[in-house]
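Student: Please take a close look at the interior of this structure, and at the charged pairs that go with it.

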Amino acid sequence: MITAIKNNSLLDFENELSLILNTYSDEIEKAKKIIMFIEDILKQLSDWLKNHAFESVKDEITFFKEVKPNIVAKLIFYKEVLLLIATQPIDKNKKVKHFEKKLDAINHFYRKNREFIKYIKSHSSHFDELYFTRKKYKDIFLNDCSVIIHDAKLCTSHDYLLAEVIAFELLALHIENRIDNLNQSCAITNNQFKSNLHWTAKKVDLIELIYALHEAKVFDNGQADIKEISHVFEKAFQIDLGDNITRSFIDIKNRKTDQTRFLNQLQAALETKIENDLN
C-alpha cells in the first residue's frame, strides 16, 4: 500500500476500499471497517512523510493536491455517514429534516469557502505552490490558520480543506439520495396523500410550465402525454386548467414579446435567491 502512495497512485487504495464495501452489507459495520482501514493507511503515510523528501516541487504538489486529499476525503465522508446514521431519528419525516439540516451545513461550508472551491473547480494552479507544498509558514497569516495545529511535515495549508471539499461533495449526493428514498417510501405507504397546496399564480403560467417540462422530456423519458401531466398538476395544486390547454398554449405562442414570460420570471427569481445566499 505504501509503495502505491509513494508512486502517487490511488489504485491499491481504491481496490482495498472496494473489497471492504463488497464484504460487509451492514452500513454501520461497513463504515467502521473503512474508517479503521483508512486510519491505518494514514498512520503509515504520516511515518513515511516525516522522513521523505520529494524529488521536485511538482511531485510534492501532486501528492498534496491529488493523492492525500482523496484518501482523507474518504475518511471524512465515512465518519460523517456513520454520525448521520447513529443520530438519525426513527420517524421518517424527522429523518428527512435530520438530513436536510446536514445539507444546510454543507451549503454553509460551500459559501464560506467559495473562492477556494472556485479555484479547484476551475483547475487553477497559480497558487498551488502556496497551497500544496510544505512551508516553514513564515507567511502564516496568508495561509489557512488551521496549519498551526498540524505537524508541518505532514500537511500543507490547504490539503485538508481540499479533502473536506471532496468529502462534502460526496456527502451531499449521499444525503440527497437518502432523502429521495425516504420521500418515495412515504409516498408508497401513504398513497391517499392529498396536497394542501393551491396554485395562486395565473393558469396560463402553469400551462407554460407544463409545456416546458413536457418538451424537456423530464417525465417517463419524454413518453408522458401532455394531458396526463396536466391532470397530475391539477390534482396536486387543486386547480382546473380547463378542457383545452392547447388553446392556451397557442395564446402563449402568439405573444408578441416575452413568449416564455413565466419561465423567465422563475429564472430571475432563482438567480436572485442564489446571489443573495452567496453574499
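Tutor: Buried means under 20% relative accessible area, exposed means over 50%, and partly exposed is in between, with a 1.4 Å probe and protein chains only. The model is predicted, so local features need pLDDT of at least 70 and side-chain atom pairs count only at pLDDT 80 or more, while totals for chains, interfaces and linings use all residues. Residues are numbered from 1 along each chain as its sequence is written, and side-chain values use heavy atoms, without hydrogens and water.

The protein has 279 residues, and 36% of them count as buried. Its secondary structure consists of twelve helices and zero strands (DSSP runs numbered from the N terminus: helices are H or I with at least four residues, strands E with at least two). Of the contacts (heavy atoms within 4.5 Å) between residues at least 6 apart in sequence, 68% join residues at least 24 apart.

The largest nonpolar core (buried Ala, Val, Leu, Ile, Met, Phe, Trp, Tyr and Cys residues joined through side-chain atoms within 4.5 Å) holds 51 residues, and the members that touch the most others are Ile38, Leu49, Phe63, Phe116, Phe132, Leu171 and Ile175. At least two residues of this core come from each of α2 (11-23), α3 (27-50), α4 (57-87), α5 (92-112), α6 (114-121) and α8 (159-189). The most, 14 residues, come from α4. For Ile38, the contacts beyond its neighbours within four places in sequence are Phe13, Leu17, Ile71, Lys74 and Leu75. A second core, separate from this one, has 15 residues, among them Tyr211, Ile239, Leu241 and Phe262.

In α6, the buried residues are Phe116, Ile117, Tyr119 and Ile120. These residues lie on the same side of α6, because they cover an arc of only 155 degrees around the axis, taken from the directions from the helix axis to the C-beta atoms. Exposed Glu115 and Lys118 are on the face of α6 turned away from its buried side. Just after α6, His123 has a positive phi of about 55 degrees.

Now the charged pairs. There are twelve salt bridges, each a side-chain nitrogen of Lys or Arg within 4 Å of a carboxyl oxygen of Asp or Glu. One of them joins the side chains of Asp159 and Lys68, at 3.0 Å from N to O. Asp159 is in helix α8 and Lys68 in helix α4, so that this pair links distant parts of the chain, 91 residues apart. Both Asp159 and Lys68 are buried.

Helix α4 takes part in another pair: Lys102 forms a salt bridge with Glu80, with the closest N and O atoms 3.1 Å apart. Since Lys102 lies in helix α5 and Glu80 in helix α4, the pair ties together parts that are 22 residues apart in sequence. Glu80 is buried, at 17% relative accessible area.

A third pair stays within one helix. Asp47 and Lys43 meet through their side chains in a salt bridge of 3.6 Å, N to O. These two residues are four apart in helix α3, which means that about one helical turn separates them. An α-helix has 3.6 residues a turn, so residues three or four places apart point the same way. Here Asp47 is partly exposed, at 39% relative accessibility, and Lys43 is exposed, at 52%.
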